[in-house]
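Visitor: Hey, can you walk me through this protein? I'm new to this, so plain words please.

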Amino acid sequence: MLHTSDFDFDLPNELIASHPLHDRDASRMLVVKNGLQDKHIRDFIGFLKPGDVVVFNNSRVIPARFIADNHEITLHTAVDDKNWWGLCKKFNKINVGDVLNMQDGTKITVTDKDEESGLLLHFDCENVFDVLNKYGKMPLPPYMKREEETEDRERYQTVYAQPLGSMAAPTAGLHFTTELLSEIEKAGAKIVKITLHVGAGTWMPVKTENLNEHKMHSEWCCITPEQADIINNAKRVIAVGTTSLRTLESAYQQAKLSGCNARVMPICQTTDIFITPGYHFGAVDILLTNFHLPKSTLFMLVSAFAGLENMKNAYEHAIEEKYRFFSYGDCCLLFKNGEE
């Protein structure tokens, strides 16, 4: 049985990308397929075949981090338009029933508390997103060790982002420009933009040594009937990002449960799918993803997809070659373990 410590590795701090490159499509791409190839994201097009379907997550990041009465809060999951779960550094100093005030006077009532999910907050305002756009900050990951800068409003967002709802960017998509998207279609592949609103489930650390004891937070995702049809008629499905993959595999699991003989079925629901080595992938053939944190659920997922030893070797190579890691870093193109 694998344990959390099996997914650990040493990463020099200088390889953590704290800022994006000047050009989105300047990133390097490590190809993991019967060995390792050093490429660039622009080479992605050369790996496509007519009939492929490339699946992106089009969720838009909200400026989810804000200050209320000197408390820094980061929203991560919407219950409805006015009620959100949020994480707070001073969790133990806030009680259910407390009323917090934002910079513009917006009142927020704490209606529940949970050790894992944080604070359940009710916003007394017309539109939460309008308030956050004025007074919130982009929720940059803690490992960047810096505050939001002007360029983050645009660069910590994919060029095709649409529905609001994520508290972290689906970062594999950050490498794509409108020109690169056009090249995908010129290569004879189709593009499908599904949705998973990135919340705590994607990035919360694994605190248990036994993987079976880790509880994933639920995140809302959606694949429409029209999108499912395109995906089901694909020769190969290429997921851009782990959130796209988790949505696709959630839809595969639903298809399997319903007895439907298809890659995926349409879904609009929450998912808490936790993918670790031993999982059978039924929807995705190829995965483009960034480099992930040690002992994270995302490194476990890519190890399930491409093989743990393959990924350890790939990350060791990436470290030697000074690839840039994490959200603003470089990417890797992974082929399913054991397949040509």
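**Charged pairs first**

Guide: Sure. The side chains of aspartate 52 and arginine 236 come together in a salt bridge, 2.7 Å from N to O. A salt bridge here is a side-chain nitrogen of Lys or Arg within 4 Å of a carboxyl oxygen of Asp or Glu. Aspartate 52 is in the loop between β2 (36-40) and β3 (53-57), and arginine 236 is in the loop between α5 (225-232) and β14 (237-240), so the pair ties together parts that are 184 residues apart in sequence. The helices (H or I, at least four residues) and strands (E, at least two) are DSSP runs, numbered from the N terminus.

Visitor: Hang on, where does this model come from?

Guide: This is a predicted model, where local features need pLDDT of at least 70 and side-chain atom pairs count only at pLDDT 80 or more, while totals for chains, interfaces and linings use all residues. Residues are numbered from 1 along each chain as its sequence is written, and side-chain values use heavy atoms, with hydrogens and water left out.

Visitor: Okay. Why do charged side chains pair up at all?

Guide: Side chains of opposite charge can pair when their charged atoms come close.

Visitor: Are aspartate 52 and arginine 236 buried or exposed?

Guide: Both aspartate 52 and arginine 236 are buried. Buried means under 20% relative accessible area, exposed means over 50%, and partly exposed is in between (1.4 Å probe, protein chains only).

Visitor: How many salt bridges does the count come to?

Guide: The count comes to 12 salt bridges. One of them joins arginine 246 and glutamate 219, at 2.6 Å from N to O. That pair links distant parts of the chain, with arginine 246 in helix α6 and glutamate 219 in strand β13 (residues 219-223), 27 residues apart. Arginine 246 counts as buried at 3% relative accessibility, and glutamate 219 is buried too, with a relative accessible area of 2%.

Visitor: Which residues are joined into one network by salt bridges that share partners?

Guide: Arg146, Glu149 and Asp152 are joined that way. In the bridge between arginine 146 and aspartate 152, the closest N and O atoms are 2.8 Å apart. Arginine 146 and aspartate 152 are both buried.

Visitor: You mentioned α6. How many residues does α6 have?

Guide: Helix α6 (residues 242-258) has 17 residues. From its first C-alpha to its last, α6 reaches 24 Å, close to the 24 Å expected at 1.5 Å a residue. That expected span is 1.5 Å times one less than the number of residues in the helix.

Visitor: And how much of α6 is buried?

Guide: 12 of the 17 residues of α6 are buried, so the helix is largely enclosed by the rest of the structure. Among the buried ones are Leu245, Leu248, Tyr252 and Ala255. Just after α6, glycine 259 takes a positive phi of about 80 degrees.

Visitor: Is a positive phi usual or unusual?

Guide: Most residues other than glycine have a negative phi.

Visitor: So which residues have a positive phi without being a glycine?

Guide: Aspartate 69 is one of them, with a positive phi of about 50 degrees. Asparagine 70 has a positive phi of about 70 degrees, and asparagine 70 is not a glycine either. Aspartate 69 is in the loop between β5 (65-68) and β6 (71-78), and asparagine 70 is in the loop between β5 and β6 as well. Aspartate 69 is partly exposed at 36% relative accessibility, while asparagine 70 is exposed at 68%.

Visitor: New topic: the surface. Where do negative charges gather?

Guide: Asp38, Glu316, Glu320 and Glu321 gather in a patch of negative charge on the surface. Patch residues have over 30% relative accessible area and no salt bridge, with like charges joined within 9 Å. Glutamate 320 lies in helix α8 (residues 308-320) and is exposed, with a relative accessible area of 52%. From glutamate 320 to leucine 121 is 45 Å, C-alpha to C-alpha, and the two are 199 residues apart in sequence.

Visitor: Anything in α8 that's tucked away?

Guide: Methionine 311 is in helix α8, and methionine 311 counts as buried at 0% relative accessibility. Methionine 311 and glutamine 269 are 42 residues apart in sequence and 31 Å apart in space, C-alpha to C-alpha.

Definitions and conventions. Patch = residues over 30% accessible without salt bridge, like charges linked within 9 Å, V, L, I, M, F, W, Y side chains within 5 Å. Areas by Shrake-Rupley, 256 points an atom, 1.4 Å probe, with all protein chains shown as cover. Lys, Arg positive; Asp, Glu negative; His and termini not counted. Charge placed at Lys NZ, Arg CZ, Asp CG, Glu CD.
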